[in-house]
Amino acid sequence: MEQSMKHTLHKQAQQWVLEAGQLIKEKMDEPLEIMTKSSPKDLVTKMDKAVESFFLERIRENYPSHKVLGEEGIGEAVSETKGTVWIIDPIDGTMNFVHQKSNFAISIGIIHDGIAEIGVIYNVMEDTLYHAMRGEGAFKGDFQLPKLPEKTLDQSIIELNHFWLCPNRRVNEEKLQQLVYRAMGTRAYGSAALELAFLAEGITDAYLTFSLQPWDYAGGFVILQEVGGKLTDATGESVDFLNKTTVVAANSSIHEELIKDYIELK
Ligand code: 2AM
Ligand code: CA
Ligand code: CA
Ligand code: CA
């Protein structure tokens, strides 16, 4: 992607994300119209759809050649990563949004010809904006996030959720138990985008999750990469920004060890 275009889109994504965040805050106390998707625990609200439409309308108007891959599927189906693709999660952490009215984020990743170029994650209620461009560092607001320091597993906080323990997950649970025992601590925040942002910020050291979609990780991918972190699937393979995948995101000093010694898919 051309440098000037990258800078333009980076600014544009941040501006729209802040506007969308404002919209959410203004309308948050109106009825949310909570609906379910794949299961009674898989929630979506009128707001998720409204925010996705907000981005889709603006992208179509300003960048008609760009594609939009959003969780709520309001844009066209995207089956290849050629050209410029905006990968959008309008509300990441919908359950938190519904039940806590906090701890949710808007996540945007912009990829060009398959390469993740721009990442923006907005922690709406905290009003903190994480953002990065490939090769140009990652920021929390105006503050440049430092490269992640060397860590060992016993100094690490691992973000780990209950999905690994659900039936039919086909993972070696004993190994995960050993990881929990070995790590300094575990956390589960309930928003993949925020978990990746916290990891990039260095306040946690890894995020392991069984199943994420591109909109859950695309924004965080760029931000994490810019502080020297690594995000792959649970076998260490690259993610493709199109399909559902397992995710192991971590400080680079523990990424390989996590996959080799603690995650065994069956
Ligand atoms: P969502 O809130 O945008 O749906 C919850 O641990 C995190 O995992 C959230 O970021 C949630 O995104 C994401 N997630 C991905 N697939 C999910 C699923 N099938 N059910 C619940 N959360 C899912
Ligand atoms: Ca969802
Ligand atoms: Ca999500
Ligand atoms: Ca979502």
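User: In this predicted model, where is Thr-245 found, and why is Thr-245 called buried or exposed?

Analyst: Thr-245 is found in strand β14, which covers residues 245-250. Its relative accessible area is 14%, and since buried means under 20%, Thr-245 is therefore called buried. Leaving aside residues up to four places away in sequence, Thr-245 touches Phe-210, Ser-211, Leu-212, Tyr-217, Asp-233 and Val-239.

User: What makes Glu-71, Asp-89 and Ile-91 donors of the calcium ion (ligand 4)?

Analyst: Glu-71 (OE), Asp-89 (OD) and Ile-91 (O) lie 2.1 to 2.3 Å from the calcium ion (ligand 4), and because the cut-off for Ca is 3.2 Å, these atoms count as its protein donors. Along the sequence the donor residues follow the spacing E-x17-D-x1-I. Glu-71 also coordinates the calcium ion (ligand 2), which is 3.8 Å from the calcium ion (ligand 4).

User: Why are Asp-89 and Ile-91 called buried?

Analyst: The limit for buried is under 20% relative accessible area; Asp-89 has 0% and Ile-91 has 1%, so Asp-89 is buried and Ile-91 is buried.

User: How do you know that Ala-192 has a polar contact with ligand 1?

Analyst: A backbone N or O atom of Ala-192 lies 2.8 Å from an oxygen atom of ligand 1, and because a polar contact is a pair of N or O atoms within 3.5 Å, this pair qualifies. Taken alone, ligand 1 exposes 480 Å², of which the protein buries 77%. Among the residues surrounding ligand 1 are Glu-71, Asp-89, Ile-91 and Ala-192.

How values were computed: Residues are numbered from 1 along each chain as its sequence is written. Chains are lettered from A and ligands numbered from 1 in the order in which they are written. This is a predicted model: local features need pLDDT of at least 70, side-chain atom pairs count only at pLDDT 80 or more; totals for chains, interfaces and linings use all residues. Side-chain values use heavy atoms; hydrogens and water are left out. Donors are N, O and S atoms within 2.8 Å of the metal (3.2 Å for Na, K and Ca); water is not among the atoms, so sites may look incomplete. Buried means under 20% relative accessible area, exposed over 50%, partly exposed in between (1.4 Å probe, protein chains only). Helices (H or I, at least four residues) and strands (E, at least two) are DSSP runs, numbered from the N terminus. Contact means heavy atoms within 4.5 Å. A residue is near a molecule or strand if one of its heavy atoms lies within 4 Å of it. A polar contact is a pair of N or O atoms within 3.5 Å; within protein, one must be able to donate a hydrogen and the other to accept it, and residues adjacent in sequence count only if both atoms are side-chain atoms. Accessible areas come from the Shrake-Rupley method with a 1.4 Å probe; for residues, only the protein chains shown count as cover.
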